[in-house]
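Colleague: Hey, can you walk me through this one? Happy to start anywhere.

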Amino acid sequence: MTTERIEHYINGHKTNGVDDRYQDVTNPATGKVTGQVALATQSDVDSAVAAAQEAFPSWADTPPIR
C-alpha cells in the first residue's frame, strides 16, 4: 500500500521542502501509517512567512463576503 505524502503549501504551490524529509503519520486507533508529512526547515518557514507577509495587504482589503 502506498501512503499519501502531505507537503507544504507555500505561496500557492505545493513543495516538499528544502531537505525532502518526511515523518510518518499514524492512525492513533490502529497504529497504522496513513501518510507522511513533510518536515520544514528554517528556510521553509522563512519562505512561508515571507509569502504571507507579501499577500497580507491585498487580503486585508478583501471584503469578507468575497
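Colleague: Is D19 buried or exposed, or partly exposed?
Modeller: D19 is partly exposed, with a relative accessible area of 42%. Buried means under 20% relative accessible area, exposed means over 50%, and partly exposed is in between, using a 1.4 Å probe and protein chains only.

Colleague: What does the D19 side chain meet in a salt bridge?
Modeller: The side chain of R21, with 3.6 Å from N to O. A salt bridge here is a side-chain nitrogen of Lys or Arg within 4 Å of a carboxyl oxygen of Asp or Glu. R21 counts as partly exposed too, at 39% relative accessibility.

Colleague: And how many salt bridges does the structure hold?
Modeller: Just 1.

Colleague: Before we go on, where do these values come from?
Modeller: This is a predicted model, where local features need pLDDT of at least 70 and side-chain atom pairs count only at pLDDT 80 or more, while totals for chains, interfaces and linings use all residues. Residues are numbered from 1 along each chain as its sequence is written, and side-chain values use heavy atoms, with hydrogens and water left out.

Colleague: OK, sheet time. In what order do the strands of the open sheet come?
Modeller: The order is β1-β5-β4, so 3 strands with mixed pairing. Strands are DSSP runs of E with at least two residues, helices are runs of H or I with at least four, and both are numbered from the N terminus. Two strands pair if DSSP finds at least two bridges between them.

Colleague: Which strands stand at the edges, and why is one side of each left without a neighbour?
Modeller: β1 (4–6) and β4 (22–26) are the edge strands; each has a single partner strand, so one side has no neighbour in the sheet. Neighbouring strands of this sheet are turned by 30° against each other on average, direction ignored. For that, axes are lines fitted to C-alpha atoms (for helices, over the stretch in contact), and angles run from 0 to 180 degrees between N-to-C directions.

Colleague: How many bridges join β4 to β5?
Modeller: There are 5, and β4 and β5 (residues 33–38) run antiparallel. Y22 has A38 in β5 as its bridge partner, and D24 stands opposite Q36. The hairpin of β4 and β5 has 6 residues between the strands, and G31 there takes a positive phi near 80°.

Colleague: What lies over the face of Y22?
Modeller: That's R5, at 3.7 Å from the ring centre. A charge sits over a ring if NZ of Lys or CZ of Arg is within 6 Å of the ring centre and within 35 degrees of the ring normal.

Colleague: Back to β5: what is V37 in contact with?
Modeller: Leaving aside neighbours within four places in sequence, V37 is in contact with I6, R21, Y22, Q23 and V25. Contact means heavy atoms within 4.5 Å. V37 counts as partly exposed at 29% relative accessibility.

Colleague: And H8, buried or exposed?
Modeller: H8 is buried, at 15% relative accessible area. H8 lies in strand β2 (residues 8–10), and among the residues H8 touches are H13, A38 and D44.

Colleague: Last one: where is D61?
Modeller: D61 is in the segment after α1 (42–60), and D61 is exposed at 67% relative accessible area.
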